[in-house]
Amino acid sequence: MDWSKQDVIAFVHITSRIAERPHDELLFDVEGTGTPYFCFLDADGKVVARLDENDDLAAFETGRKDILRWRALLAKAKAGDKSAAIDAEILACLLGQQDYDDLEEKLEGFEPSEAQAEQLRGLEAEVTIAESQQMLRQARGDQETREGVAEDFEALLSEDKVPLREASRMFFWATLGRYAADKGKTELLMRSVTE
């Protein structure tokens, strides 16, 4: 790969906390979630993309391509392309540069296409997935909590809000599949198996 100065750099940082080392807090500065932690930084040290789902070479290459696509969309948006501006903001959210609330605020007054609206619904589902995973960790597998999460996911599905990220989708459909099997919801079970 040819990485010019204008491209981003990637890093892996394991916190060691050695006083004379200036970047020992880097993992925390970029809100790393554990070690090893992979993300792309620009020349100023700002996070451009996070590799939260996979840490293999294919994910690295996909991340690099997404960043280049994001930059191209920004250039089109700067030239006045409103659709590209929406796509750039959606991709920035997927890359981990901003959260969904920031995205919603930035897109006020924009008219997304149907494909963009579908992605926005998917990003909204991602927020619910993350909150649900945290709630389940805190509840330590409580049956009532699991059932409540599954009901929330079923409500998302009824609104065509299906998460976009692979790991989120797997969790979403597995949760719905278990719930459907327990409740005898055949149609939902079949859909969860085929998605």
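**Figure 1. Overall arrangement of the secondary structure.** The protein comprises eight helices and three strands, shown here as a predicted model. Read from the N terminus, the order of its elements is β-α-β-β-α-α-α-α-α-α-α. The protein has 195 residues, of which 36% count as buried. Salt bridges come to a count of 10, and several of them appear in the views that follow.

**Figure 2. Surface patch of negative charge.** Six acidic residues, Asp99, Asp101, Asp102, Glu104, Glu105 and Glu108, gather on the surface in a patch of negative charge. One member of this patch, Glu104, belongs to helix 4, which covers residues 100–106. Glu104 is classed as partly exposed because its relative accessibility is 42%, a value between the limits of 20% and 50%.

**Figure 3. Polar contacts of Gln116.** Gln116 is part of helix 5, which spans residues 114–139. With a relative accessibility of 3%, Gln116 counts as buried. Its side chain makes a polar contact of 2.9 Å with the side chain of Asp87. The side chain of Gln116 also reaches the backbone nitrogen of Ser113, at 2.8 Å.

**Figure 4. Salt bridge between Glu124 and Lys161.** Glu124 and Lys161 form a salt bridge in which the closest N and O atoms are 2.9 Å apart. The pair links distant parts of the chain, with Glu124 in helix 5 and Lys161 in the loop between helix 6 and helix 7, 37 residues apart. Glu124 is partly exposed, at 28% relative accessibility, whereas Lys161 is buried, with a relative accessible area of 13%. Together with Glu159, these two residues are linked in a network of salt bridges.

**Figure 5. Salt bridge between Glu126 and Arg165.** The side chains of Glu126 and Arg165 meet in a salt bridge with an N to O distance of 3.5 Å. Because Glu126 lies in helix 5 and Arg165 in the loop between helix 6 and helix 7, the pair ties together parts that are 39 residues apart in sequence. Glu126 counts as buried, at 7% relative accessibility, while Arg165 is partly exposed, at 24%.

**Figure 6. Salt bridge between Glu147 and Lys183.** In the salt bridge formed by Glu147 and Lys183, the closest N and O atoms are 3.3 Å apart. Glu147 lies in helix 6 and Lys183 in helix 7, so this pair ties together parts that are 36 residues apart in sequence. Both residues count as partly exposed: Glu147 has a relative accessibility of 25%, and Lys183 has a relative accessible area of 40%.

**Figure 7. Backbone of Asp160.** Asp160 lies in the loop between helix 6 (143–158) and helix 7 (166–183). Although Asp160 is not a glycine, it has a positive phi of about 55°. Most residues other than glycine have a negative phi.

**Figure 8. Two residues of helix 7, Leu176 and Met170.** Leu176 has its place in helix 7, as does Met170. Leu176 is buried, with a relative accessible area of 0%. Met170, by contrast, is exposed, with a relative accessible area of 56%. The C-alpha atoms of Leu176 and Glu151 are separated by 8.2 Å, and these residues are 25 apart along the chain. For Met170 and Ser192, 22 residues apart along the chain, the separation of the C-alpha atoms is 9.5 Å.

Methods:
Residues numbered from 1 in each chain as written. Predicted model: local features only at pLDDT ≥ 70, side-chain atom pairs only at ≥ 80, totals over all residues. Heavy atoms only, no water. Patch = residues over 30% accessible without salt bridge, like charges linked within 9 Å, V, L, I, M, F, W, Y side chains within 5 Å. Areas by Shrake-Rupley, 256 points an atom, 1.4 Å probe, with all protein chains shown as cover. Salt bridge = Lys/Arg side-chain N within 4 Å of Asp/Glu carboxyl O. Lys, Arg positive; Asp, Glu negative; His and termini not counted. Charge placed at Lys NZ, Arg CZ, Asp CG, Glu CD. Helix = DSSP H or I, 4+ residues; strand = E, 2+ residues; numbered from the N terminus. Buried < 20%, exposed > 50% of the residue type's maximum accessible area, 1.4 Å probe, protein only. Polar contact = N/O pair within 3.5 Å; in protein donor to acceptor, adjacent residues only side chain to side chain.
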